Amino acid sequence: MGKLSLFGPFSAIKFLFRKPKTLRFPFEQKETAVRYRGFHLNDWNTCTGCGNCADICPNEAIIMEEHPEIETTPGEKNERPRLDYGRCCFCGLCVDICPAGSLRLSRDYLHIHFDNATFTVTPGDDSTDDKVFLPEDQYSILKASLVHRRKDYDGFSPDINFSLFDPDRVQMPEIPPSERKMSFIEQITGYNHEEAVREAERCLECGLCEDACPAHMKISDYIGAIYDGRPDESLRKIYEDNPIPSICGRLCMKHCEDACSLRLRGESLAIRWLKRYTADTINNFKETLEQQPASPTGRKVAIVGAGPGGLSSAYFLRLMGYDVVVFDELSGGGGMIRVGPPRYRLPEESIDKDVAYIASLGVEFRFNTRIGRDMEFEELLAEYDAVYIGIGNTVSRSTGVQNSEKCLLALDYLEQNKTDRKTVVTSSIIVIGGGNVAMDVARESLRLQNIQYPGRDTIVNTVSLEDWDELPATEEEINEAREEGIIFNPAWGPREVLLDESGNIRGLLCMKVKSVFDDEGRFSPTFYEDRNMVIEGTMIIEAIGQGPDFSFIPKKLMEKIEFTERRKIRVDENGMTTLPGVFAGGDIVNINLDAVTAIADAKIASEGINTWLSG
Amino acid sequence: MRELELYFGPQHLGMVGNFSITLQVEGDRILKATANPGYLHRGFEKLMEGRSWIKNFPMVCRINVIEPDSMEMVYSMAVEKLAGLEVPERAQFIRTIYLELARVGSHLFGLWAYASMLGFDTVAQWAMYHRDLILDLFEELTGGRVYHIYIWPGGVRRDFPDGFKDRIVKTLHSIGGCVPDYDSTFFNNRLFYERAGNIGKVSRAEALEMGGTGQVLRATGMPYDIRRIEPYAAYDKVPWNVPTREDGDAFSRIWVVRDEMIESVHMIFKLLDEMPGGEVYNRIPNPFKWRIPKGEAYVRCESSRGELGLYLVSNGGKNPYRVHFRTPSYPHGLTVLEKALVGANISDVGNIMISLYVVAPEIDR
C-alpha cells in the first residue's frame, strides 16, 4: 500500500486528452471471435434429420420439423431442426452432439425485425440459402436479423475431438488372417460383456437404423437393454421382429449400420455384432422369452423352405396359433443360409440354436422332404389352408463359356463342403465372380487347400467382370479375402476354359472388360476382344449368381403365377401371389437378396395369411 | 430519536442485484438489519435433478452471473469425482488459467460496482473497460462473453486457439500497465480511505463464526484460501501467495481484492510458462445414456468471493439425485452483512454490502 494522498487522483486528468475507448456502434463495430456462439447454421445437404440436437437441447429450443419436399432415404429423415430463439441459450451442445457435423453456430447475433414470428427459424446455411445469407457488400448491420445474415460467417463449429459421441467403435476381436485361413475356425470371436456394453453405449438412439432395417427391428431398444446389462430384455426386443438372431447376428447385410448416424464422421455402431452378443450370451431362449402360442386357430399352414423367410413366417404364424409345417429338402433348417456361408462365418450350431427355438414353439419341421419329389405341391394346397413359399435362389448359374461344363458350380461346391465328403481341391483354383458367394467360395477353397496341402504353395484367383469400385461383394468380405491372400483379377471376363491334352482344366482365358453396365444401368457387359489374358489354374468354380427353381410347381399352376418385369414373383401388399392362398417372400420376391429382407417379407406374409384365413 | 423501519432495495440505486435489506434506523444510524432475499430464486438445484448430467452443464454457470466459471468448475469436479473421470494435465492448466482470468474479470466487475457506489466513476469506467478486455479473451477461447460454458466433465471444451497465449499476455500487460493509475486515483486515494476505512468491520472471530470466507476472512489476516488448502486443477503446480490484510474493514477487503488480482495475473504468467502439451479432453460417455455410479461428493473451490462448494448425490441414474451449492454470498449476504451493518450509517449500506462482495443470484440460486 502506498501513501494515501488527496492529490494523487488528479493524475487521472491526463485521460481527458486520450482517445475514447468506447465504440460508436453501429458506425464502429467489433468483429465477433472466430469461435463465437451466435445464431445457428445448418447444412441441409449433410443434415440427416436424426434429431440428436433436439434431444440434447437443455431448453427444448429445438424441435424437429417435417419437410415433405425432402426425399427420405435410408439414413435420412425428412425432418430438420427448428430453433426458438426465445429459448435458446447458445450453449452449443447441439453442435457437439451433431453426428453429421452439419449444425454449427455463426458469428452473428443481432436480430432486428418488426415481426416476432421471425424469432423461431429453421436454420439453413450459405451453401443452401442465398436469400438469407448475403455477401459482405450486400449485408447491412442495420438490417441484421435472422432473415438477413452474413455469408461465410461461421463461428463455433463441430470438432470431432470434442464431440459428445464416440466416433470409434469397439474393435471386434477376430482371428488374424494367417491363422484363420488354415482352418474353418469362426473368424469373429464376439464381444464380451464389457465390450458389448461399451459399444452399446455409443448408440445415440436416433432411430435412423430402425427406418432402414427392412424388418424395422427395435434397434435402439435392444441396444439400450444391452447397455443396461439386460441381454434378456434385449433378446425379447429382438424377437418381436426377428426370430433368427444367432444367424442375423453373424451375417446380416446390416442396412442399419449403413444408415447409422455415427457413420457420417466416424464408424457406425456395430449393431450386427451387438445382436450376436445378445443371441450368444443367452443360452436358453425358451426360458428367457417365455413365449406361448396363441390359442389354436385350427388352421394349418405349409411353408416351403426352411430358410430365414420360412423360419420367420413359421415363428410368426405359430405365435398366432396356427399349426405350421415347414418342408425343406435339406437335413436341417436354415435353407440357403445352411448351404452357402462357410463355417468360419456361420457355424451350423448357431443356425440350429435359432431353428431349435422355433421348433420348441410347436412348429413341425419335415426335413429331407422335397416338394415335387417326395410330395406334390397340389397335395399341399389341398391339405393346408395356406402355403408360404420361401425357397430362395437355389440354383447356381453358369457362364456358359466354352468347356464351362468342366467347372464346378458355387452352391454345389459349398453344399458338398458342408458334408463329410469335402471336395478334393487342387493347388491352383480360379473362382469366377465378384459377389459375396464368390468370396465364400474363394475363401473356403483357400482353407481346403491349406488343409489338404499343408505347407505347399497354393493359389486362389478370382476373376470378376466388375472393377474394384463396382465389386458386388461387401467391402468387408473383399478386405478379409485379400488379407488371407486371395488374388483378385477385377474387370476381366471369362472367354474360354482351357483344357490340356487329357481334357483336364489348365486355365481360364479372359478378356478385358470395357464396361459392365449399359447407359441405363442394366447388366450388359462389353469387352475389348483383343486384350486377352490366361490365368492358370486346374480347378474352376463358377459363382456368378443364383436363380430360383420353380420346377416343383406344376405347369398349370405356374401359368397362374404372375412375375414382375425383373422376373420376381408378383405379390400384393399382404404378400399373396396371384394364386389365392399361396404367399411368397424372400429372394424370389425381392430384389434385395438377403436374410433380413426375407424376414421382413415373412412378417408381411404372416400378417397376410392371418388376415386371409380369419377373413 | 424516533426509530424507523427502512426498506433498502430491491429497487434502490445503492443496491446491486435483486436483494433487499430491511433496516431499523434511528436517524442515520442502523440499529438492526434484516437481509431479505428471495427475489431471484430460480430453483436451479431442484431443476438440475430433472436434467441429465450433461444438460446441467450449460445451466450451472447461470447461478452466478458475475463469475460463472467457478460454478462450472465445481460441477465438473463433482461429476468427475463421482464418475471417476480423469482430466488431462493440459486441461488442468487451461482450467486454472481460465479460472484466474475469471477471477480478475470478476474482481474488476466488483471494483466497478464498488467504485461507482462510492462515486469514483472514473475508476469504475476503467474497471468495466478492462473487464471487457478479459471478456474478449473469453470470447475467443470459448465463444461466449459472459456464459462461457467451457469447463465440462472430462476437461475443457476446446483447446487454446493459435496464438492465444500471446494475446492473454498482451491483454494482461495492458491491464497491468494501468495499476499505477488505479492506485493513485483510487486505492491510495485519501477519499477512498475516508469512505471505506473502519467501515463494515468484521473481526476474524466473527467472520469464522458466521461462515465468512474469501476476502472477508483474508482481510482479517487469515490466509484462508481453498486453492492453497485443498489444491485443485493446477494450483499446486506453480508458486503463488495468498494476500491478506489485518483490519477487517471495507478498505482492507478491497485492498485484498486488488492484491489478489495482481497475484492472479502473476500466476497466469507462470502457468502459461509451465503449461504442458497434449490432450485437453477425455471423452465422457454418451450423454443420452450416461449413468453415474451411486455415491455422493462434496467438492469446493475458491471462487472470487470465497469458498464455493457443491454437494452432489447420484443414485446411479441419468440425472443428479440431489444438488446443493454452498455459495460464499450466502453467509456473506445474510449473516455477515446483518452483523456488519449494525451501527453503520445509512449511506454506507451499499458500501459495506459490495465490499462483502454479495452477489444476490448466489444467495437465492
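Which helices of chain A each supply at least two residues of the lining of the largest cavity? In this predicted model, the elements concerned are α5 (208–212) and α6 (219–227), each of which contributes at least two lining residues. The cavity itself has a volume of about 110 Å³, and the search that identified it returned six cavities of 30 Å³ or more. Its lining comprises 15 residues, of which A:C203, A:L204, A:C206, A:C209 and A:C260 are the closest to the centre. When the lining of this largest cavity is divided by class, eleven residues are nonpolar, three are polar and one is charged.

Aromatic contacts were examined over the whole structure, and 35 aromatic pairs were found over all chains. One of the pairs joins A:F39 to A:Y85, whose ring centres lie 4.9 Å apart; the planes meet at 65°, which exceeds the 60 degrees required, and the pair is therefore edge-to-face. This pair links distant parts of chain A, since A:F39 belongs to the segment before β1 (40–42), whereas A:Y85 lies in the loop between β3 (79–84) and α2 (93–97), the two residues being 46 residues apart. The relative accessible area of A:F39 is 5%, and because this value is under 20%, the residue counts as buried. A:Y85, with a relative accessibility of 6%, falls under the same 20% cut-off and is likewise buried.

In chain B, an edge-to-face pair is formed by B:F187 and B:W255, with a centre-to-centre distance of 5.5 Å and an angle of 65° between the planes. Here too the contact links distant parts of the chain, with B:F187 placed in helix α7 (residues 179–187) and B:W255 in helix α12 (residues 250–274), at a separation of 68 residues. Both B:F187 and B:W255 are buried. These two residues also belong to a cluster linked by ring pairs, whose other members are B:Y114, B:F120, B:F186, B:F192, B:Y193 and B:F251.

Contacts between charged groups and aromatic rings were also identified in chain B. The ring of B:F187, already described as part of the pair with B:W255, has the charged end of B:R258 sitting over it, at 5.8 Å from the ring centre. B:F187 thus appears in the aromatic cluster and in a contact with a charged end. A further contact of this kind involves B:R228, the charged end of which sits over the ring of B:W240 at 4.4 Å from its centre.

Note on methods:
Residues numbered from 1 in each chain as written. Chains lettered and ligands numbered in written order. Predicted model: local features only at pLDDT ≥ 70, side-chain atom pairs only at ≥ 80, totals over all residues. Heavy atoms only, no water. Phe/Tyr/Trp six-rings, centres within 6.5 Å; stacked < 30°, edge-to-face > 60°. Helix = DSSP H or I, 4+ residues; strand = E, 2+ residues; numbered from the N terminus. Buried < 20%, exposed > 50% of the residue type's maximum accessible area, 1.4 Å probe, protein only. Lys NZ or Arg CZ within 6 Å of the ring centre and 35° of its normal. 1 Å grid on protein atoms, 1.4 Å probe; cavity = no way out; pocket = protein on both sides within 12 Å on 5 of 7 lines; lining within 4 Å. Points joined across faces, edges and corners; volume = space filled by probe spheres on them. Nonpolar A, V, L, I, M, F, W, Y, C, P; charged D, E, K, R; others polar.
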